[in-house]
Amino acid sequence: MDANSYDGDITSKGWELVWSDEFLNNAVDSAYWNHEVNCWGGGNNEQECYVADAKNSFVSNGLLNIVALADNPSGLVGGPENDPP
């Protein structure tokens with residue numbers, strides 16, 4: 001499908017929507033979403049920490065916002081044996 005010709009109607013294109021989240025509340029629904037908390041490179045040796053902090057992921061005006069910030073997180077670092085379960 002050409003991205004420029006998409007008309008918003010997935011059913012006429014043979015697609016069936018099986019799940020969606022409209023972010024109608026003011027918080028991320030923990031029944032469907034969770035945070036990866038990890039300072040061990042996310043599985044591919046990235047030089048970053050994944051944290052569960054409201055400044056990095058939040059819902060505003062019906063949109064999920066995922067924000068990468070230059071920060072100095074505290075907590076467990078140093079390898080898989082030191083990361084939280």
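**Questions on a predicted two-strand chain**

Colleague: Is Asp29 buried or exposed, or does Asp29 count as partly exposed?

Modeller: Buried means under 20% relative accessible area, exposed means over 50%, and partly exposed is in between (1.4 Å probe, protein chains only). Asp29 has 32% relative accessibility, so the class is partly exposed.

Colleague: What kind of model is this?

Modeller: Residues are numbered from 1 along each chain as its sequence is written, and side-chain values use heavy atoms, with hydrogens and water left out. Local features need pLDDT of at least 70, side-chain atom pairs count only at pLDDT 80 or more, and totals for chains, interfaces and linings use all residues, as the model is predicted.

Colleague: How many strands does the protein chain have?

Modeller: Helices (H or I, at least four residues) and strands (E, at least two) are DSSP runs, numbered from the N terminus. By that rule the protein chain has zero helices. The number of strands is two.

Colleague: How many bridges join E1 and E2?

Modeller: Strand E1 covers residues 57–60, and strand E2 covers 63–66. Two strands pair if DSSP finds at least two bridges between them. E1 and E2 pair in the antiparallel sense, and the number of bridges is four.

Colleague: Which residue in E2 is the bridge partner of Ser60?

Modeller: E1 and E2 form a hairpin with two residues between them. Across this hairpin, the E2 partner of Ser60 is Leu63.

Colleague: Which residue in the turn has a positive phi?

Modeller: The residue sits in the loop between E1 and E2. Its phi is near 55°, although it is not a glycine. It has a relative accessible area of 78%, so it is exposed. The residue is Asn61.

Colleague: What is the positive phi of Phe23?

Modeller: Phe23 lies in the segment before E1. Its relative accessibility is 12%, so Phe23 counts as buried. Phe23 is not a glycine, yet its phi is positive, at about 50°.

Colleague: Why does Ser57 count as buried?

Modeller: Ser57 belongs to strand E1. Leaving aside neighbours within four places in sequence, Ser57 is in contact (heavy atoms within 4.5 Å) with His35 and Asn65. Ser57 counts as buried because its relative accessibility is 16%.

Colleague: Which side chain does a polar contact of 2.5 Å join to that of Ser57?

Modeller: A polar contact is a pair of N or O atoms within 3.5 Å; within protein, one must be able to donate a hydrogen and the other to accept it, and residues adjacent in sequence count only if both atoms are side-chain atoms. For Ser57, the side-chain partner at 2.5 Å is His35.

Colleague: What is the relative accessible area of Asn56?

Modeller: Asn56 lies in the segment before E1. Beyond its neighbours within four places in sequence, Asn56 is in contact with Val51, Asn65, Ile66, Val67 and Leu69. Asn56 is buried, because its relative accessible area is 14%.

Colleague: Which side chain makes a polar contact of 2.7 Å with the side chain of Trp33?

Modeller: Trp33 is partly exposed, with a relative accessible area of 33%. Not counting residues up to four places away in sequence, Trp33 touches Trp19, Asp21, Phe23 and Val28. One of these is 12 residues from Trp33 in sequence and 9.9 Å away, C-alpha to C-alpha. The polar partner is Asp21.

Colleague: How much accessible area does the nonpolar patch of Val18, Trp19, Tyr32 and Trp33 have together?

Modeller: Patches are made of residues with over 30% relative accessible area and no salt bridge (a side-chain nitrogen of Lys or Arg within 4 Å of a carboxyl oxygen of Asp or Glu); like charges are joined within 9 Å, and nonpolar side chains (Val, Leu, Ile, Met, Phe, Trp, Tyr) within 5 Å. Within this patch, Trp19 is partly exposed, with a relative accessible area of 43%. Accessible areas come from the Shrake-Rupley method with a 1.4 Å probe, and for residues only the protein chains shown count as cover. Together the four named residues have about 480 Å².

Colleague: What separates the C-alpha atoms of Asp29 and Val59?

Modeller: Asp29 lies in the segment before E1. Asp29 and Val59 are 30 residues apart along the chain. Their C-alpha atoms are separated by 9.7 Å.

Colleague: What percentage of the residues of the protein chain count as buried?

Modeller: The accessible surface of the chain comes to about 7100 Å², of which 51% belongs to carbon and sulfur atoms. The protein chain has 85 residues, and the buried share is 11%.
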